[in-house]
Structures are given as C-alpha cells and as structure tokens.
Amino acid sequence: MNPLRRLLHEPLFHFLVVGGLAAALFGDRGGAPRRIDIDEGLRRGLRQDFQRRTGAPPTAQEESALLRRWVDEEILVREAQALGLDRGDVVVRRRLLQKMEFLAEESRPLPEPDEATLRAHLESHPERWQVAPGVRFTHVFVGRERHGDATLADARALLARLVAGEDPASLGDPFLRGREVGPSSRDEIAAQFGAEFASRVTELPVGTWSGPVGSSYGLHLVRVEQRRPGGPPPLAEVREAVRHDWIEERRAEARRAKLDDLRRHYDLRGVP
Amino acid sequence: MNQLRARGRRAGLLLALAVLAGGCATESSPPLAHGEDRREPCASRDEWRKPLFGDLHVHTTLSFDAHAFEVGVTPDQAYRFARGESVDLPPVDAAGRPTRRVRIDRPLDFVALTDHSEFLGEIENCTTPGSAAWDSETCRTYRSADDHVATSLFGIQLTQEQGKRFPDVCGADGLGCAEAASAVWQRVQEAAEAAYDRSPRCEFTSFVAYEYTAAKGASTGHRNVIFRNARVPFPTTYFEQPTPQGLWGELQATCLDAGNGCDVLAIPHNSNESNGTMFAVEYPGATTPREEREQAAFRARMEPLIEIFQHKGDSECRNGLSGIVGAADEQCEFEKWTRPGPQDCGDGTGSLGSANYGCYSRRDFLRGILLEGLKEEQRIGENPYMLGVIASTDSHNGTAGRVSEEDFGGHRGTDDDTPEKQLGTGALTAGGIAYDPGGLAGVWAEENSRDSIFDALRRRETFGTSGPRIAVRLFAGSGLDADLCARPDMLREAYAKGVPMGGRLAATDAPLRLLVSALRDAGTAERPGTPLQRIQVVKGWIDRTDGQAHQQVWDVAGDPDNGASVDENTCETRGAGADSLCAVWTDPDWDPTERAFYYARVLENPTCRWSTWTCNRLAPADRPPSCSDPSIRRTQQERAWTSPVFVEARS
C-alpha cells in the first residue's frame, strides 16, 4: 500500500483531522508554553512497538516520523484533557483505569522469583494446589464377554500365576484403556472403571497382586505400584502454576499499595 | 470523515479520543505470564494411548447469539463448568439474574471454547454502558428487542453475499469493533491459559479457538478454528474472509507460516444444514489438474476432521439421497433434522439450510462426503476430504459436554430454557424438540496435554459419540492376526501390523482385516452407563468399472437381537448387553483395485430420548403435543463413530 493510502486508513489521521478542527475551533489559549520531553525510554518504547508491528526496527527516518506523530498525539491528548473530554465517558474512564493499574503494577519491577520464593508461596497457600490422594496401578483384565460363566474361576487362576511371578503383560485379555493407570484420584478411576472398582483399588496394598476386583467391564487383577498422598505436591510438579500465581499476587499487591499511597493525597468524606 | 463531521465536532473528537485511548490501552495490556508454551511433563503417559473425552464446540456469553438469549456464562466459568463446577442459566428473574443452576455429571478432559469471531467487538461495545456505540440504533435494538430479533439483527449479516459491519456500532471504518474485539480476544486467551493444567497432573486441557461463521445464502459454512498453542493471531471473520479458501489462506499466513510455532486446524460442522455447499467439489481459480490437486491437498491439511454430531443433529448419513448405491442403513434414522418436503440437491446445491429449509445433498453427510473424496482422488490424484470424525455439543449455554439425556438443559439460553420451549417446535431454526443434547469428541492420546491431543486430531486418531463415553478403536491391515481380541499384546500388535483409525494404507492382495474394539461407558454411581449392543463396520467404495459410489454395513460384534429394551413410561432399561466388544473382521468382498474407506459404529442398547425423559416428568395434562407425536422418536440407540481408515487402491 502506498504511504498516502495507508495514511488515509490510519485512525490517527482521522483523529488529527478532527483534532485539528477542534483546535481551530477552540483557538489559542495563550499562556506559557507547556513542556514535552522526549527521553530515551520513550524512544525505546516506540522502536519496540514498531518492531512488534512490522517485524523490523525503524530506520532513522521512520523513527523521527514516529516521534513527530507521538508529539502530535500527546499535544492533542493534553488538549482533550484540558477540555475535560476524558470525563464522563465510561470507555475512556475504563481505559485510563486499565492504564493506571498497569503503571501501578510496573512501579515495582518484578524480579524473576527464585526457588525459595516459590517454595514459600506454595507452602503459604497449600490449598491452591492440593491434589486428591491417588494410586498408580497395573491390572490384568478378564472380560465377561470372553469368559462368561468361567470369568471368576479364570480370574482366580490368573491371580495364582501372577503371584507366582509371571509377566502381567503376557496374561489376560487386552484392555482398550491400557494396563497401566495413573497416578489417578479415586474420582478419575471411577470415571474410567466405575465407582466400586475405584473405592476398592484405592484401598489395596502396594506391590502385591490382589483381586479379582469387579469393574464396569469385568474382573481385574490389580497391583498397586505407588500410592500418591493427598495434599500439596512438591514444587517441582507445579512450578509454572505457582510462578504464575505469585506474579499475579505481586501485581495485585502493587496496585493496592499504589492506591493506598494515592489515597493519602485525597480528602475522602463519607467513604469507608 | 463526512460522517464524523455530521455528528458534531465535540462528538467527533470524543470518538477520536476513544479510539486513541483504546490504542494506548492495547499496547499497555499486561503480557501473559507464560510467553512461551512451557509446561511440566505429564506424570502419566501411555505409549499405547488412552481415550480422552472433550468438547470442541462451545459458546459463551461472548457469542452474539448466546448473549442475545441472555446467557451470561463467561469463558472462565465455562472452563470451570467443564471441570465440575456449576453455572447459572436463564430463565432470568426480574432482576436479570439466572435462575437455573446446572453442573456436569463428571469432568471433561479437554475443551475448546469456540465463540463466534464475528461480532466479538460489537457485543462488547453494545453491552458496555457508556461505550461510543452504546446509544447507537443498532445497540439499542440489540439490547431491547426480543431475543430472537436481537440474534437475527447480527446473524442476518452472516448470510449475505457481502456481509457488513454496522457503522453506528463500529465506526465507518470498523475500527471501533476491531479495537473492542482485540481486548475480548486477549481475555479469551487469558481464560484458556488459566484453565490449562500445566502441572504434571495433566487433568485438563483448554484450547484457544473460535468459530468462523460463514452462512452465505443461509447455508451453513461454519468452521471451528482450533489452535495448538497459547499465543495466537487475531481471529478472522466472514467479513474479511467470505470463503473457506480465504479462511485457510489467512490461517496459513498468520499462523502456520508465522514461524513462531503457531499451529492450527479447522473443523467444519453442521454440513447437514449446508444444502450441498460445504463439500461441493470446487477449486476456485484452478485451471489445471495440478492446481486442483494443490487445492485439494491444502484443504485436507487445513481440515483433517469433521464434527458429525451435535445439538443440531446428525451428519453421518441419510437414507434416500441420490448418488450412492447400496441398501438403506436403518441406523441412519437417528437424530435427523427434518424439513418440509423431501428434496434432493442431486449434484447441485441449494440454500436456507441453516433455517432448516432447502434441499439435502449426499455431500451433507459424512458418508457421501467421504465417497466424493474417493472420487476426487481417483480423478485428480488427491483426496480433499480425508476426514476423521469427532462430535461435540455446540452448547450456547457455556455448558461444555453436558450431554445427559435425562436432563437436557437446552441449546441456547431463553430460546429453550423451559420444558415447554424445549418440547415445542422451536423458532428461527427448527430447534425445540429437534435439538439433541449433543455429543463428545474422543481422542486417543498419550497424555492429556495440548500437544498430545492436537497431534491426535492431526492424525485423525479420533472418534465421536452421541453423548456417552464409549471408547472405541479401529485398526486396519491385512497382516492383523485373527486372534487379536484374545491377545494381551493386542495394541502393540495392532500398531505394528496395522494403521490406526484416521490412517491410510495401500491395498495388498491379501484381504483387508479390521480390528475393532469398544468399551461401554462406565457411567457414574448414580447413573451407570448403558451396555453395548453391537459394533458395525461401514464400508464405502468406488466401483472400478462404472465409477459408482457404494456403501455397505456389516454387524461384526455383539448381537442386534439381544432382547434389550426400554420402558418408554419410566425409561427403565431391561435386558443384558455387552460391557466390551471386540472383533477381527475380514472384508468378504475385498478388491484391492477399489478405493475404499472403512469406519466403525458402536451401538448401545436402547434408551429413552431426552424428550421422553422430559415429557415423563410433566403431569400428563401439561404435556405438549410433541409428547404424543408419532413422528418424534421415543427411544434411541446412542452410539460412537470412529474415524475412517482410507485404502489406496492398487493400480
């Protein structure tokens, strides 16, 4: 698209034209010139923004165009504020709030939380990452469809062979959902095998073959491999979630602190 | 500019300031905490893959129609619902508060929230007091009109040849809505991020997604766009991309080719409302077979799946349409939306399907679409319709996976929020009694993570169910052993000697074998699942000599005459069925020179349709006419469908 046509599509262009109209209308208001400073932080921000949009950093020419445009915007925004156009408009109000909240969050730059910080955060809010107790188990399936009246007898015979040390992978019927399950909570096991199976399996001893245990599909010989205690998991398992939560909490604190600070400058009446 | 000036200078400046302020706000929005897609590895990973159940088609209050029908469920709430928490639905009380509290009977494994991308910004503007558009004619109508009128107000634009945004809502250049939509889109991504379980527990997966809602001529051309990753491009809409080719091109340009790891696919749905348009064989702009081939391959890449079952009925098959040779399939008579006057589009197309009018095409249903794909492969050497299968709900209540027949809560807010409306004839579209509680998407995945599930969707190792959590697997290969159903190493063997559902294989002289196996839904303690009745294999092929499309269905496991039944007055089931079924089946009519597909259909024992449950709960005097209408089925057989396997003919 050529630059002129692009300009015609720019909301800023529309804004400038409208703004120009308003400026012409309201005229010069006199007084000492107000100051606008361009610092390196601003330049850097404009460059990053440009790169994010276009994929490449601005050339020197593009950068000065960006700066000229920013100055134009800044002047118009100040004029609009001076005219009070930002008051009484909910959208503008919401945007300003959003912006101020972000500034408040940014006023205290957040360091990347270290191990000890994350551990402390996990330990002070264990309920947020609580897991239900669960088990991981291996099972050998004896299906009612294939074994009919002999299902129970066949299952007991298989149990004897498993106890004697035969390889579970070579015994029993195939099972679509797999032979190794978990670690899963009782509810998760119930959703796959039925509630009764889930209550029994979560009570079985670890490391030995037990059963037969009935499920929605038939009988199973089960060896619980591992029992997962309930409660908060080790940090290694939930690091990303804890980090996310910690950052959100710090941001909320920063917003609160900033507001408390600002409140001191206001005379609040009839406010709780 | 003229428009702005006409509104008065002060208003114009205000608007400009709002636009400008909006621009600032977008740039200063806090970044997501997870810039890149990091996650902990899952504690439980199964190399033979496990079945995961989800819903890849769910609307929340962000959709223009859901919002019009007074659904207030947010994306955060919808995700929490899918994990077991309750949400509140209309009818609303005098203060506008929803009065029905619903929850799912058991959590889902994964969910994609697919709000209509069209009008995300319009709804935000029209429902935010004080927004620049708040007092516009269109917004006032949207807020105050009857819910159906409000829905049509926007919806009608999606059926126009050149759909338009409303200048009084969006500004003359549409930027007011684009700006608002980008803030909404940010929240959509954040909600998905918050819901995704990145811990090793891997309990729940969310997908960032949206629905592209083209319906030119009121024939449904809808697609759900599902992303693999967390940071995704801004959604496109019917307004910018009025054709599916445009949608795929946009997804390629902004995601697949973006070089940042973005991955995406599209899933068409409600072909049953498309009057032959969704899968019409066409290659716009192609002038050579080679260009047609390229378009076909691109389509197959962008759309590896089809959603064949949801609230608005079944899209598997329909008897009595021209162009397919073979005996009628009685199991096609399942949750069909019927229209006045049976009309067959033949090889052409029609219109008005989304209002439940117009003709049906064989290409509106999976079976005919797959056959058309085989024909195209024969003609140009590339199959544009290599489609795997899923089902979902299309809930506009934000209630992902709430598929229970016992207490169907309706499709969308106030449109059907009472038993009377649910059992009525519906409005706008057929609706009412024709709705179904919808189905679920099943995938065979190593673990419950975005990557694992997305990979399963890509390779089509997927299945759909009409609601129950039936698990079903299909493998194909001439080298599969006949005794696999009794072999403890069945899955290892099946993967080694065959291809899983969704795959393709080359024909050999030895007849093709299928291993097909299913487990019933275990249900819950309160509501045990229903036993299985049988497994069927469906084959479609193109006759080598006359080029005709054929279909045939075989019962391969279980017993269609097992004597099980259901009492229509109490919905109690009687008689036994199977807890699991398994068969190795050899095609008795094998011809390696014919192109073919095979998929499996698993049927449960009969149960009550949702409407029977609802009618039975009403006092006899309060029951509407539909409760005794002989054309409304009282009972049904719930089911699961596998993705097909595709056989390449030997030349």
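**Helix packing, nonpolar cores and disulfides**

Helix α10(B) passes helix α11(B) in a left-handed crossing. In this predicted model, the axes of α10 (residues 244–256) of chain B and α11 (residues 289–302) of chain B come within 11 Å and cross at roughly 65 degrees. The contact between the two helices is made on one side by Trp248(B), Gly249(B), Leu251(B), Gln252(B) and Leu256(B) of α10(B), and on the other by Phe298(B), Arg299(B), Arg301(B) and Met302(B) of α11(B).

A second helix pair in chain B is formed by α4 (residues 75–82) and α9(B), which pack at an angle of about 25 degrees with their axes 9 Å apart. Because angles under 35 degrees count as roughly parallel, α4(B) is described as roughly parallel to α9(B). The crossing of α4(B) and α9(B) is right-handed, and in it Pro75(B), Asp76(B) and Tyr79(B) of α4(B) meet Ala191(B), Ala192(B) and Ala195(B) of α9(B).

The largest nonpolar core comprises 124 residues, of which Phe137(A), Phe227(B) and Tyr598(B) touch the most other members. Helix α9 (residues 175–195) of chain B gives the most to this core, with eight residues. When residues up to four places away in sequence are not counted, the contacts of Phe137(A) include Ile189(A), Phe193(A), Phe197(A), Val201(A), Val222(A) and Val224(A), and also Arg179(A), Glu180(A), Arg223(A) and Glu225(A). Apart from the largest core lies another, of 23 residues, with Leu374(B), Tyr385(B), Met386(B) and Ala549(B) among them.

Tyr385(B), one of the residues of that 23-residue core, is also touched by Glu372(B), a residue whose other contacts, not counting residues up to four places away in sequence, are Val281(B), Arg362(B) and Arg363(B). Glu372(B) is found in helix α12 (residues 366–380) of chain B and, at 7% relative accessibility, counts as buried. The C-alpha atoms of Glu372(B) and Trp541(B) are separated by 9.9 Å, although the two residues are 169 residues apart along the chain.

A search of the whole structure finds nine disulfides over all chains, and three of chain B are described here. Cys170(B) is joined to Cys177(B) with an S to S distance of 2.0 Å; the torsion about this S-S bond is about -80 degrees, so the disulfide is left-handed, and both Cys170(B) and Cys177(B) are buried. Cys255(B) is likewise joined to Cys262(B), with an S to S distance of 2.0 Å. For the link of Cys255(B) and Cys262(B) the torsion is about -100 degrees, so this disulfide is left-handed, and its two cysteines, Cys255(B) and Cys262(B), are buried.

The third disulfide joins Cys485(B) to Cys582(B), with an S to S distance of 2.1 Å. This pair links distant parts of the chain, 97 residues apart, with Cys485(B) in the loop between β15 (471–476) and α15 (490–497) of chain B and Cys582(B) in strand β23 (residues 580–586) of chain B. With -85 degrees about the S-S bond, the link of Cys485(B) and Cys582(B) is left-handed. The two cysteines fall into separate accessibility classes, for which the cut-off for burial is 20% relative accessible area: Cys485(B) has a relative accessible area of 16% and is therefore buried, whereas Cys582(B), at 27% relative accessibility, counts as partly exposed.

Key: Residues are numbered from 1 along each chain as its sequence is written. Chains are lettered from A and ligands numbered from 1 in the order in which they are written. This is a predicted model: local features need pLDDT of at least 70, side-chain atom pairs count only at pLDDT 80 or more; totals for chains, interfaces and linings use all residues. Side-chain values use heavy atoms; hydrogens and water are left out. A disulfide is a pair of cysteine sulfur atoms within 2.5 Å. Buried means under 20% relative accessible area, exposed over 50%, partly exposed in between (1.4 Å probe, protein chains only). Helices (H or I, at least four residues) and strands (E, at least two) are DSSP runs, numbered from the N terminus. A nonpolar core is a set of buried Ala, Val, Leu, Ile, Met, Phe, Trp, Tyr and Cys residues joined through side-chain atoms within 4.5 Å. Contact means heavy atoms within 4.5 Å. Axes are lines fitted to C-alpha atoms, for helices over the stretch in contact, and angles run from 0 to 180 degrees between N-to-C directions. Angles under 35 degrees count as roughly parallel, over 145 as roughly antiparallel, 65 to 115 as roughly perpendicular and the rest as oblique. A crossing is left-handed if the near helix is turned anticlockwise from the far one by less than a right angle, and right-handed if clockwise.
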